[in-house]
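Biologist: I'd like to learn how to read pockets and cysteines in a model like this. Can you walk me through it?

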Amino acid sequence: MIATQAKLVYQLNKYYNERCQARKAAIAKTIREVCKVVSDVLKEVEVQEPRFISSLSEIDTRFEGMEVIAPNEFEVVLYLNQMGVFNFVDDGSLPGCAVLKLSDGRKRSMSLWVEFITASGYLSARKIRSRFQTLVAQAVDKCSYRDVVKMVADTSEVKLRIRERYVVQITPAFKCTGIWPRSAAQWPMPHIPWPGPNRVAEVKAEGFNLLSKECYSLTGKQSSAESDAWVLQFAEAENRLLMSGCRKKCLSILKTLRDRHLELPGQPLNNYHMKTLLMYECEKHPRETDWDESCLGDRLNGILLQLISCLQCRRCPHYFLPNLDLFQGKPHSGLETAAKQTWRLAREILTNAKSLDKL
């Protein structure tokens with residue numbers, strides 16, 4: 001048994017050093033290329049409208065605010081200034097979303113974003129995004145990369161297609177630090193020892209982002225409240241949770257397996273599902289020794305089996321917001337295909353570690 005485990009860990013490390021590192025290098029190269037274009041477009045936007053200042057910056061070879069959705073799909077979060085005069089209201093009526101309401105009607109004229117405030121005092125995510133979309137469309141025509149970049153039509157999101165190969169969504173957002181959403185108040189569960197009080201304090205201090213984008217839990221319910229609402233996102237908090245042990249290596253292997261074998265029509269599975277299930281696995285195995293290199297095979301198998309279970313039940317709760325189902329709106333046939341494909345993958349890895357050479 002121990003010999004089998006050791007063999008699997010050896011093969012996984014080999015897979016990580018070959019396949020995962022090659023994936024990382026290729027994505028890093030793409031990000032450089034994409035960021036040049038996006039920075040140029042955002043510079044043009046800023047000339048027209050100084051309230052939209054580019055926050056895309058490179059720190060230690062990493063671009064702050066850049067999320068990799070898939071090897072050819074990215075999201076750039078554009079942080080806006082001055083949320084000051086608004087209160088954050090999160091009453092659970094819109095799963096995964098919250099609204100920003102003027103703290104005092106008399107402060108309306110003091111807001112930097114005055115023309116995007118609705119009659120009832122809400123800062124409208126949709127209105128800001130609509131204005132930003134117009135600015136980006138104009139900037140694309142003027143920027144020095146205009147021959148290789150164009151706007152993606154038929155969406156209220158701000159999406160660019162670059163060199164006909166990559167899609168980048170640019171999402172206006174506010175950074176919220178020092179507060180924690182009420183809809184995530186159940187985290188951490190009192191009976192679960194992971195991640196421990198110190199790390200919890202760090203994560204909560206890291207805060208969350210409010211994004212101006214379509215909230216997939218609300219498609220079909222296009223009420224005015226929905227279009228004014230902001231989507232909650234916890235990228236920095238999640239990354240802080242996964243810092244120690246072999247967690248990041250495990251996530252890298254999961255992402256590589258997904259990109260190579262689970263990129264299916266209708267995209268039922270994305271890398272965020274992998275990250276979510278990894279955090280649930282951390283709760284099931286709370287001790288740091290459970291995340292030692294020698295346990296990599298066990299953790300990976302645990303996550304793949306949990307993924308199959310979620311796909312079969314057609315439900316994958318968001319880690320911080322359990323009322324939000326990450327499979328909502330995904331076609332059932334796609335989830336079924338993904339479950340079968342994941343089962344094949346898990347069985348192959350479990351029964352024959354050497355199969356990783358071909359995966």
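Modeller: Sure. First, a bit of vocabulary for pocket linings: Ala, Val, Leu, Ile, Met, Phe, Trp, Tyr, Cys and Pro count as nonpolar, Asp, Glu, Lys and Arg as charged, and the others, Gly among them, as polar. Keep in mind that this is a predicted model.

Biologist: Okay, so how many nonpolar, polar and charged residues are in the lining of the second largest pocket?

Modeller: The general idea comes first: rolling a probe the size of a water molecule over the atoms shows where empty space is left. Here, the second largest pocket has a volume of about 220 Å³. Its lining has six nonpolar, seven polar and two charged residues.

Biologist: Which residues lie nearest the centre of that pocket?

Modeller: Of the 15 lining residues, those are T4, Q5, L8, N301 and L350. Helix 1 (2–48), helix 8 (296–313) and helix 9 (332–351) are the elements giving two or more residues to this lining. Helix 1 provides the largest share, five residues.

Biologist: Now the cysteines. How many disulfides does the structure hold?

Modeller: A disulfide is a covalent bond between the sulfur atoms of two cysteines. This structure holds zero.

Biologist: Why is there no bond for C143?

Modeller: Look at the distance: the closest cysteine sulfur, in C35, is 14 Å from that of C143, too far for a bond. The cut-off is 2.5 Å. C143 also counts as buried, at 1% relative accessibility.

Biologist: And what about C295?

Modeller: Its sulfur is 7.0 Å from the closest cysteine sulfur, which is in C246, so that is too far for a bond. C295 has 17% relative accessibility and therefore counts as buried, since the limit is under 20%.

Terms used:
Residues are numbered from 1 along each chain as its sequence is written. This is a predicted model: local features need pLDDT of at least 70, side-chain atom pairs count only at pLDDT 80 or more; totals for chains, interfaces and linings use all residues. Side-chain values use heavy atoms; hydrogens and water are left out. On a 1 Å grid over the protein atoms alone, a cavity is a set of points where a 1.4 Å probe fits but cannot get out, and a pocket is an open set with protein on both sides within 12 Å along at least five of seven lines; lining residues have an atom within 4 Å of a point. Grid points are joined across faces, edges and corners, and a volume is the space filled by probe spheres set on the points. Helices (H or I, at least four residues) and strands (E, at least two) are DSSP runs, numbered from the N terminus. Buried means under 20% relative accessible area, exposed over 50%, partly exposed in between (1.4 Å probe, protein chains only).
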